[in-house]
Amino acid sequence: MLGHNFKRTLYEVLEDTGKRRLAAQTLRNVLIFLIIANVVFAVLETVPEIRRTLGPHLRFLQLGSGVVFVIEYMLRLYVADLHPPLRRYGPVGARLRYALHPDALVDLIGALPLVLVLLLPNQAVTMVVILRLLRFLKLARYSPALRSLISAVAAERHALLGSSMIIFGVILMAATVMYLIEHDQQPEKFRSILHGIYWAITTVTTVGYGDVVPISNPGKMVGAVVMLMGYGLIALPVGIIASAFAREIHSRDFVVTWSMVARVPLFEDLSATEVASVAKQLQAFNVRKGVTIAEEGDIADRMFFINDGEVEIRMEHGTVYLGEGNFFGELALLNQTQRTTTVVAYRDCQLLVLEAKALHQLMDSDAALAKKIMDEARERAEAGKKILGELAEEELEQAGYVGADEDQEAQQELFENGDPAKQDQT
């Protein structure tokens, strides 16, 4: 049992899931620092002066980092069978499938330099240098933006392949025409179409080294046309990737927002379309560390979703901390009574705010949506759901808070002001 608990804890820290967010974020920051430092060290080792003076120190740091990356890779393989999609394959099958996952292959690349240095200290110098530099690929695990960019490129691979074919076709045509025009006047520089391709590539990409240039008037005219076409041709893949990246970011943000809204008990019985309608009412709200988000005694007329950061909720019976992905203030959407707690940003926060007024306007325009929300509120009241301060029972569970017996006696019935269906929706 102790071994299973240790393995579960290790999984939550490595994969940044569960309640051990601080340990997971600390490990994540340490690994990011090591990745960046390793790339810097690999580059510095190629400078003769630095290699002579700091070579032993850099090699020691590289060796230590390599040990960390090997241990990380082995531990990730160890907990691989705890991944929900892989559990059904058993311990061995889950680890084999995980080992073939792109993230695991990148982790393997990060661990290989140490293995090669130990097994082939003299023969693997070039390969070790390359693999050390490739460790920067591990940053993709910790960068949602980089992962989104990779996903965007993968999603648009057919369009990118098509634009590449067009560019290559133009390069081949330009090289052929220039070879026919300039071959007689510059036989050394335009000896073949292959030599013309070099000129065409530098011209289409608007680099223009100037080592191979047309000297005849027809050649200059062709060169001018190819240069003008280069701007449009290079813009093709750039535009495809940019639009796909923006779409990927928008889709990711929408999915995250949608999932947070769908977790709220008041909205858990809504359809996907109805949840999306509620999510559209959210407004972004950035708060600096230490700033008060909601003051005790204020009118509770909005609920909050924590997109990033952590908040501290000060109650009479104790303090609750809620982090990324959690929500609070659900009761404010229907009751709109005075707040009995003070909420302060424990760290810099990115919040999404749902105002009671916006939700009521949406409910007024959609009777079916309003009925589902009010029915859910009534069922929760009849089920004896409790509140403690400003937080509903489900919100307390997010923080792993379990009230003491005296706290339970102090709890009030949810929607204590009466049947929520009778509350004024305007």
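**Figure 1. R378 in helix 14 of the predicted model.** Our tour of this predicted model begins with R378, a residue of helix 14, which covers residues 367-382. R378 counts as partly exposed, because its relative accessibility is 25%. Look also for L266: it is 112 residues from R378 along the chain, yet the C-alpha atoms of R378 and L266 are separated by 9.9 Å.

**Figure 2. The protein chain as a whole.** Before the next close-ups, here is some context for the full chain. How many helices and strands does the protein chain have? There are 16 helices and 11 strands. Of the 426 residues in the protein chain, 38% are buried. The accessible surface amounts to about 23400 Å², and carbon and sulfur atoms account for 62% of that surface. Taking contacts between residues at least 6 apart in sequence, 70% join residues at least 24 apart.

**Figure 3. Helix 2 against helix 3.** A pair of packed helices is described by the angle between the axes and the distance between them. For helix 2 (residues 21-44) and helix 3, the axes come within 9 Å and cross at roughly 145°. The crossing of this pair is left-handed. On the helix 2 side, the residues to find are L31, L34, I35, N38, F41, A42 and L44. Their partners in helix 3 are I50, L58, L61, Q62, S65, V68, F69, E72 and R76. Sorted by class, the contact of helix 2 with helix 3 holds 11 nonpolar, 3 polar and 2 charged residues.

**Figure 4. V39 on helix 2.** Staying with helix 2, this view picks out V39. V39 is classed as partly exposed because its relative accessibility is 21%, and buried would need a value under 20%. Setting aside neighbours within four places in sequence, V39 is in contact with R132, L133 and F136. V129 is a further landmark: V39 and V129 are 90 residues apart in sequence and 9.6 Å apart in space, C-alpha to C-alpha.

**Figure 5. Helix 3 against helix 5.** Now we turn to another partner of helix 3. The axes of helix 3 (residues 48-78) and helix 5 (residues 102-119) come within 8 Å, crossing at roughly 145°. What is the handedness of the crossing where helix 3 passes helix 5? It is left-handed. Helix 3 contributes L63, G66, V67, F69, V70, E72, Y73 and R76 to the contact. From helix 5 come A104, D107, L108, G110, A111 and L114. The residues in the contact of helix 3 with helix 5 divide into 9 nonpolar, 2 polar and 3 charged.

**Figure 6. R76, a buried arginine of helix 3.** R76 belongs to helix 3, and you have already met R76 in the contact with helix 2 and in the contact with helix 5. Is R76 buried or exposed? R76 counts as buried, because its relative accessibility is 1%. Apart from neighbours within four places in sequence, R76 is in contact with L14, E15, L31, Y98, D107, R141 and Y142. Of these, L31 is one of the helix 2 residues that meet helix 3, and D107 is one of the helix 5 residues in the contact with helix 3.

**Figure 7. D81 and its polar contact with K7.** Moving on from helix 3, we find D81 in the loop between helix 3 and helix 4 (90-99). D81 counts as buried, because its relative accessibility is 14%. Which side chain makes a polar contact with the side chain of D81? It is the side chain of K7, at 2.9 Å. Leaving out residues up to four places away in sequence, D81 touches K7, R87, G90, P91, A94 and R95.

**Figure 8. M173 on helix 9.** M173 is found in helix 9, which runs through residues 157-182. With a relative accessible area of 56%, M173 is exposed. I197 lies 24 residues from M173 along the chain, and the C-alpha atoms of the two are separated by 9.0 Å.

**Figure 9. T206 and its positive phi.** Our last stop is T206, in the loop between helix 10 (193-204) and helix 11 (217-263). The backbone is worth a look here: phi of T206 is near 60°, a positive value in a residue other than glycine. T206 counts as partly exposed, because its relative accessibility is 42%.

Terms used:
Residues are numbered from 1 along each chain as its sequence is written. This is a predicted model: local features need pLDDT of at least 70, side-chain atom pairs count only at pLDDT 80 or more; totals for chains, interfaces and linings use all residues. Side-chain values use heavy atoms; hydrogens and water are left out. Axes are lines fitted to C-alpha atoms, for helices over the stretch in contact, and angles run from 0 to 180 degrees between N-to-C directions. Helices (H or I, at least four residues) and strands (E, at least two) are DSSP runs, numbered from the N terminus. A crossing is left-handed if the near helix is turned anticlockwise from the far one by less than a right angle, and right-handed if clockwise. Contact means heavy atoms within 4.5 Å. Ala, Val, Leu, Ile, Met, Phe, Trp, Tyr, Cys and Pro count as nonpolar, Asp, Glu, Lys and Arg as charged, and the others, Gly among them, as polar. Buried means under 20% relative accessible area, exposed over 50%, partly exposed in between (1.4 Å probe, protein chains only). A polar contact is a pair of N or O atoms within 3.5 Å; within protein, one must be able to donate a hydrogen and the other to accept it, and residues adjacent in sequence count only if both atoms are side-chain atoms. Accessible areas come from the Shrake-Rupley method with a 1.4 Å probe; for residues, only the protein chains shown count as cover.
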